[in-house]
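Me: Could you walk me through this structure with a few questions and answers? I'd love to start with a sheet and work outwards.

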Amino acid sequence: MCLGIPAKIVDGPNDNQMAEVDILGVRRWVSIHMVPEAKIDDFVLVHAGFALEIISERFAAETLELFRQMEMPGTEHLEPLELPELPSQIGLQ
Amino acid sequence: MTDDLLGGFRDPEHARALVDAIRETAVEPSTFMEVCGTHTMAIAKNGLRGVMPDTIKLLSGPGCPVCVTANVDIDIAIETARQPGIILTTFGDMMKVPGSYSSLAREKADGRDVRIVYSPLDSLALAEAVPDKHVVFLGVGFETTAPTVALSIREAKRRGLKNWSALALHKTVPEALRALTNDPDVQINGFILPGHVSTIIGSEPYRFLAEEYGVPGVITGFEPVDVLQGIWMLAKQRAEGRAEIEIAYTRAVMPEGNPVAVRVIEEVFEPVDTEWRGIGVIPGTGLAIRAEFAEYDTRVRVPVTPPETREIKGCQCGDVLRGAILPFECKLFGRACVPEHPIGPCMVSSEGSCAAYYRYTDYGRS
């Protein structure tokens, strides 16, 4: 449950510290109260409609790929992200 | 850590090198515990237990907030949903968790207005849309979730909402680790510390583990190689006779955490004693809504008396949560209790230890 999902800020922030983000292709408005310095095009970790921290773009892309591999609820329909350098299996088993 | 190193966090070669390093380093027999449901799933799914040397035992602790919620608290939520004029909103994870006699899913089937929301802010919006109902947000979760509910309470006050309140069942992690460390049934030699809880609180609140108890901890990310790195850093501390709180997950965690989030938690909530399933009451690990926000506290607005608590017969979820037994050591696991017909919360929640073991391993299949 205590998991932040990477998202990109695509609009805002507005006067009420809300910003529109793209999360796995879904757009919604989230609060940026906890990251007041966040701005458009930043990547943030989002949990329950709130941005928790600003993160790098590459970390965001890799984490989204991980969620897909973990079969997180809500990611079943997603196509694999285009990250050709990543192996599809870690291959430990 | 620079970005161009990040590719290595998925590289099988990097994983194998870390496994080799763990084997070389883990000379001391050690029991390491993770306390985060996402770590539970990452370890089970990637078969990390199977590649550990004999010297390392991995335990899953009370990292699933749904699982550690006490029956009495679930009973209070259910009783609240039964009151007239109430719409109870919560995260999807809470729906199927059994209380003493029912679950929110069963209450919904019986006609109570129970709705799943993605964010407490959605719950606020619902309250504005239905002024003739009282909308309750049932909040569970650790420090990652607590500030989102704290900010929602503050927002409700700012908007002057009269028909919304929060039933806060939040718990805080560090003092629970003290209770586990003091548990005579479980010897823990190191903690794999949660990534996004620590995004909020940083590393400082865990320091007593190292200083008072000599138990090291490593704040760890969620990729398989992250988890291996955390285990390796713990093994290294043991081998070198050190006990420190280290951050492996520097991509998302700073030592000071997120000070804005910590401040808002402290502004809206005060620490109280609270009951954890299987562990009992742990002083100061609950978060109660402060008196100045009482009009947004469901316990004040919609007081209820829950029925007498009843524990689930034969369920050892509590022993699983404190690491006293592994999931497959429960008599019900894989027999009476399976994900299709779960008996205890550790099998109900997708990130519960029992569900993770059942889904991803062959242990204990009858």
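Me: In what order do the four strands of the open sheet in chain B run?
Reply: Happy to help, and please keep in mind that this is a predicted model. The pairing in this open sheet is parallel. Its edge strands, each pairing on one side only, are β4 (114-116) and β6 (164-168) of chain B. The order in chain B is β4-β3-β5-β6.

Me: By how many degrees are neighbouring strands of this sheet turned against each other on average?
Reply: Direction is ignored for this value, and it is an average over neighbouring strands of the sheet. The turn comes to 25°.

Me: Which residue in β4(B) does L88(B) stand opposite?
Reply: Strand β3 of chain B covers residues 86-90 and pairs with β4(B) in the parallel sense, over three bridges. Within β4(B), the residue opposite L88(B) is V114(B).

Me: At about what angle does α7(B) run to β6(B)?
Reply: Two helices are worth a look here. Helix α4 (residues 71-81) of chain B lies across β3, β4, β5 (134-139) and β6 of chain B, at about 140° to β3(B). Helix α7(B) lies across β5 and β6 of chain B, and its angle to β6(B) is about 155°.

Me: Are α2(B) and α16(B) roughly parallel or roughly antiparallel to each other?
Reply: Helix α2 (residues 37-45) and helix α16 (residues 353-360) of chain B pack with their axes 9 Å apart, at an angle of about 15°. Angles under 35 degrees count as roughly parallel. The two helices α2(B) and α16(B) are therefore roughly parallel.

Me: Which residues in α16(B) meet α2(B)?
Reply: The crossing of α2(B) past α16(B) is right-handed. By class, their contact has five nonpolar, two polar and one charged residues. From α2(B) come T40(B), M41(B), A44(B) and K45(B), and they meet S353(B), A356(B), Y357(B) and Y360(B).

Me: How many residues does the contact take from chain B?
Reply: Chain A gives 29 residues to this contact. On the side of chain B, elements giving two or more residues include α1 (12-25), α2 and α7 (146-159). That side divides into 24 nonpolar, 14 polar and eight charged residues. The number from chain B is 46.

Me: What is the radius of gyration of chain B?
Reply: Chain B has 16 helices and 11 strands. The globule rule gives 21 Å for 366 residues, and chain B is close to that, so it is as compact as a globular protein of that length. Its radius of gyration is 21 Å.

How values were computed: Residues are numbered from 1 along each chain as its sequence is written. Chains are lettered from A and ligands numbered from 1 in the order in which they are written. This is a predicted model: local features need pLDDT of at least 70, side-chain atom pairs count only at pLDDT 80 or more; totals for chains, interfaces and linings use all residues. Axes are lines fitted to C-alpha atoms, for helices over the stretch in contact, and angles run from 0 to 180 degrees between N-to-C directions. Angles under 35 degrees count as roughly parallel, over 145 as roughly antiparallel, 65 to 115 as roughly perpendicular and the rest as oblique. A crossing is left-handed if the near helix is turned anticlockwise from the far one by less than a right angle, and right-handed if clockwise. Two residues are in contact if their C-beta atoms, placed from the backbone, lie within 7 Å. Ala, Val, Leu, Ile, Met, Phe, Trp, Tyr, Cys and Pro count as nonpolar, Asp, Glu, Lys and Arg as charged, and the others, Gly among them, as polar. Two strands pair if DSSP finds at least two bridges between them. The radius of gyration is taken over C-alpha atoms; the globule rule is 2.2 Å times the number of residues to the power 0.38.
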